[in-house]
Amino acid sequence: MDFYRALPKIELHAHLNGSLSNSTLSELRELKYGKELPSGTDDCFYKILQGESLTLEECFKKFQYAHDLTDRPDALERATQRVIEDFAKDGVIYLELRTTPKCTAQMSK
């Protein structure tokens with residue numbers, strides 16, 4: 001496995017929000033909300049961050065959380081930085097990263 005880890009890699013089709021690590025999601029959540037999640041937040045977010053087993057429905061919620069947490073230019077920039085750093089740590093030397101930012105109160109497409 002060490003041999004394969006050491007090989008340079010290319011990633012031709014990575015989606016930003018689908019590539020966010022749990023630690024990046026946690027960082028973005030704290031950037032947006034501080035230490036406390038807003039009331040009404042379900043336990044699924046915590047299950048995702050703890051790496052617990054999820055139902056298929058809960059897995060798709062990760063994308064909803066990612067979109068919610070990248071709704072401002074500073075968060076989108078930080079998410080992009082972290083994803084690029086994570087791919088680089090994995091030996092990716094060429095990355096095609098794509099996203100379609102959502103129109104929000106804080107930014108336009």
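A residue counts as buried when its relative accessible area is under 20%, as exposed when that area is over 50%, and as partly exposed in between. The exercises below use this predicted model.

**Exercise 1. Classify three cysteines, Cys44, Cys59 and Cys103: buried, partly exposed or exposed?**

Solution.
Step 1. Take Cys44. Its relative accessibility is 4%. The limit for buried is under 20%, so Cys44 is buried.
Step 2. Take Cys59. Its relative accessible area is 34%, so Cys59 is partly exposed.
Step 3. Take Cys103. Its relative accessibility is 59%. The limit for exposed is over 50%, so Cys103 is exposed.
Step 4. Look for disulfides. The structure holds zero.

**Exercise 2. Place Cys44 in the fold and list its contacts beyond four places in sequence.**

Solution.
Step 1. Find the element. Cys44 sits in helix α3.
Step 2. Set aside neighbours within four places in sequence. Cys44 is then in contact with Glu58, Lys61 and Tyr65.
Step 3. Check a distance. Cys44 and Glu57 lie 13 residues apart in sequence, and their C-alpha atoms are 9.9 Å apart.

**Exercise 3. Describe the overall architecture of the protein.**

Solution.
Step 1. Count the elements. There are five helices and two strands.
Step 2. Put them in sequence order. The pattern reads α-β-α-α-α-α-β.
Step 3. Take the dimensions. The C-alpha trace spans about 45 × 35 × 25 Å along its principal axes.
Step 4. Look at burial. The protein has 109 residues, and 24% of them count as buried.
Step 5. Look at contact range. Among contacts with a separation of 6 or more, 71% join residues 24 or more positions apart.

**Exercise 4. Which residues touch the most other members of the largest nonpolar core, and which helix gives the most to this core?**

Solution.
Step 1. Recall the general trend. In soluble globular proteins, nonpolar side chains tend to be buried together.
Step 2. Identify the key members. The largest nonpolar core has 18 residues, of which Leu20, Leu25 and Leu28 touch the most other members.
Step 3. Assign the helices. α2 (22–33), α3 (44–50), α4 and α5 each supply at least two residues of this core. α5 gives the most, with five residues.
Step 4. Zoom in on Leu25. Leaving out residues up to four places away in sequence, Leu25 touches Leu20, Phe45, Ile48, Leu49, Lys62, Ala66 and Leu69.

**Exercise 5. Compare the settings of Asp71 and Glu77: buried or exposed?**

Solution.
Step 1. Locate both. Asp71 is in the loop between α4 (56–69) and α5 (73–89). Glu77 is in helix α5.
Step 2. Apply the cut-offs. Asp71 has a relative accessible area of 11%, so Asp71 is buried. Glu77 has a relative accessibility of 52%, so Glu77 is exposed.
Step 3. Find a polar partner for Asp71. Its side chain makes a polar contact with the side chain of Lys32, at 2.8 Å.
Step 4. Widen the view. Beyond four places in sequence, Asp71 is in contact with Lys32, Thr104, Gln106 and Met107.
Step 5. Check a distance for Glu77. Ser21 is 56 residues apart from Glu77 along the chain, and their C-alpha atoms are separated by 15 Å.

**Exercise 6. How many cavities of 30 Å³ or more does the structure hold? Which residues line the largest cavity?**

Solution.
Step 1. Count. The structure holds one cavity of 30 Å³ or more.
Step 2. Size it. The largest cavity has a volume of about 50 Å³.
Step 3. Name the lining. It includes Asn17, His67, Thr70, Leu76 and Pro101.
Step 4. Link back to Exercise 5. Asp71 is also one of the lining residues.

Methods. Residues are numbered from 1 along each chain as its sequence is written. This is a predicted model: local features need pLDDT of at least 70, side-chain atom pairs count only at pLDDT 80 or more; totals for chains, interfaces and linings use all residues. Side-chain values use heavy atoms; hydrogens and water are left out. Buried means under 20% relative accessible area, exposed over 50%, partly exposed in between (1.4 Å probe, protein chains only). A polar contact is a pair of N or O atoms within 3.5 Å; within protein, one must be able to donate a hydrogen and the other to accept it, and residues adjacent in sequence count only if both atoms are side-chain atoms. Contact means heavy atoms within 4.5 Å. A disulfide is a pair of cysteine sulfur atoms within 2.5 Å. A nonpolar core is a set of buried Ala, Val, Leu, Ile, Met, Phe, Trp, Tyr and Cys residues joined through side-chain atoms within 4.5 Å. On a 1 Å grid over the protein atoms alone, a cavity is a set of points where a 1.4 Å probe fits but cannot get out, and a pocket is an open set with protein on both sides within 12 Å along at least five of seven lines; lining residues have an atom within 4 Å of a point. Grid points are joined across faces, edges and corners, and a volume is the space filled by probe spheres set on the points.
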